Amino acid sequence: MADHHHHHEPTGAKLADAARATLEAQNEQWTPMRAAIFDALASEERPASAYDIADTVSKARGKRVAPNSVYRILDLFVTNNVAMRVESANAYIANAHPGCHHDCIFMVCRNCKQATHVDDDKVTGQVRAIAQQDGFHPERPVIEILGLCAKCAA
């Protein structure tokens with residue numbers, strides 16, 4: 001397993017293309033609504049709630065989009081590795097490398113709410129191993145470190 005690492009992260013249209021390809025590879029459709037929700041999510045600088053995304057998409061489309069519809073699409077995105085959920089914030093971020101599967105570690109700033117995503121297969125592998133030793137069958141380890149980012153701590 002690789003230790004902590006970073007990826008070249010696509011942005012804009014390239015990120016949307018990667019997300020679309022990932023969904024379509026799972027036999028899911030990339031509908032105009034899914035594209036709009038992904039674009040809104042990808043444009044956020046911080047983790048966004050379904051309500052934030054619904055507001056953004058509603059304004060862009062000129063008609064109300066229900067948060068329940070957004071939740072369903074975000075859940076589909078998480079299931080298919082197109083987005084990631086920051087559990088402590090009940091919010092989502094676009095997966096910057098949707099074709100790559102890792103258990104995620106998030107460092108969440110309690111002041112500015114920024115969430116930094118880190119892949120460290122050694123750490124998450126150890127978490128999975130501990131769970132399995134107890135007979136637990138982990139599906140998706142959620143590791144979040146709450147604190148202050150460097151900017152807020154300064």
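The expected span of a helix is 1.5 Å times one less than its number of residues. With that rule in hand, here are some close-up views of this predicted model.

**View 1. Helix α4, end to end.** Let us put the rule to work on α4. The helix has 13 residues, so at 1.5 Å a residue it should span 18 Å, and its end C-alpha atoms are indeed 18 Å apart. Which residues of α4 are buried? They are Pro67, Val70, Ile73, Leu74, Leu76 and Phe77. As background for reading such a list, an α-helix has 3.6 residues a turn, so residues three or four places apart point the same way.

**View 2. Helix α2, checked in the same manner.** From its first C-alpha to its last, α2 reaches 16 Å, close to the 16 Å expected for its 12 residues at 1.5 Å a residue. The buried residues here are Arg34, Ala35, Ile37, Phe38, Ala40 and Leu41. Note that this list includes Arg34 and Phe38; Phe38 returns in the next view.

**View 3. Phe38 meets Phe77.** The structure holds 4 aromatic pairs. In the pair of Phe38 and Phe77, the ring centres are 6.0 Å apart and the planes stand at 75°, so the pair is edge-to-face; the cut-off for that label is an angle over 60 degrees. Phe38 lies in α2 (residues 32-43) and Phe77 in α4 (residues 67-79), so the pair ties together parts that are 39 residues apart in sequence. Are these two residues buried or exposed? Both Phe38 and Phe77 are buried. Together with Trp30, they form one aromatic cluster.

**View 4. Leu23 and Asn80.** Leu23 belongs to helix α1, which covers residues 12-25. With a relative accessible area of 0%, Leu23 is buried, since the cut-off for that word is under 20%. How far apart in space are Leu23 and Asn80, C-alpha to C-alpha? The distance is 6.4 Å, although 57 residues separate Leu23 and Asn80 in sequence.

**View 5. Asn81, just after α4.** Asn81 follows α4 and sits in the loop between α4 and β1. Its phi is positive, about 65°, although Asn81 is not a glycine. For comparison, most residues other than glycine have a negative phi, and most peptide bonds are trans. Asn81 is also buried, because its relative accessible area is 11% and the limit for buried is under 20%.

**View 6. The second largest pocket.** This pocket has a volume of about 300 Å³. Among the 16 residues that line it, those closest to its centre are Val78, Asn81, His102, Asp103 and Arg140. Which elements each supply at least two residues of this lining? They are α4, β1 (83-86) and β3, with the largest share, 3 residues, coming from β1. By type, the lining of the second largest pocket divides into 8 nonpolar, 5 polar and 3 charged residues.

**View 7. Strand β3 with its two partners.** Strand β3 takes in residues 104-109, and 5 of its 6 residues are buried, so β3 is largely enclosed by the rest of the structure. On one pairing, 5 bridges join β3 to β4 (residues 115-119), and these two strands run antiparallel. On another, β3 and β5 (residues 143-147) pair in the parallel sense, again over 5 bridges. In this parallel pairing, Ile105 stands opposite Ile143 of β5. A helpful reminder when looking along strands: in a regular strand the side chains alternate between the two faces of the sheet.

**View 8. The β3–β4 hairpin and its turn.** β3 and β4 form a hairpin with 5 residues between them. Two bridge partners let you follow the register: Cys104 goes with Asp119 in β4, and Val108 goes with Ala115 in β4. Of the 5 residues of β4, 4 are buried, so β4 is largely enclosed by the rest of the structure. Which residue in the turn has a positive phi? It is Lys113, in the loop between β3 and β4, where phi is near 70°, a positive value in a residue other than glycine.

Note on methods:
Residues numbered from 1 in each chain as written. Predicted model: local features only at pLDDT ≥ 70, side-chain atom pairs only at ≥ 80, totals over all residues. Heavy atoms only, no water. Buried < 20%, exposed > 50% of the residue type's maximum accessible area, 1.4 Å probe, protein only. Pairing = 2+ DSSP bridges. Phe/Tyr/Trp six-rings, centres within 6.5 Å; stacked < 30°, edge-to-face > 60°. 1 Å grid on protein atoms, 1.4 Å probe; cavity = no way out; pocket = protein on both sides within 12 Å on 5 of 7 lines; lining within 4 Å. Points joined across faces, edges and corners; volume = space filled by probe spheres on them. Nonpolar A, V, L, I, M, F, W, Y, C, P; charged D, E, K, R; others polar.
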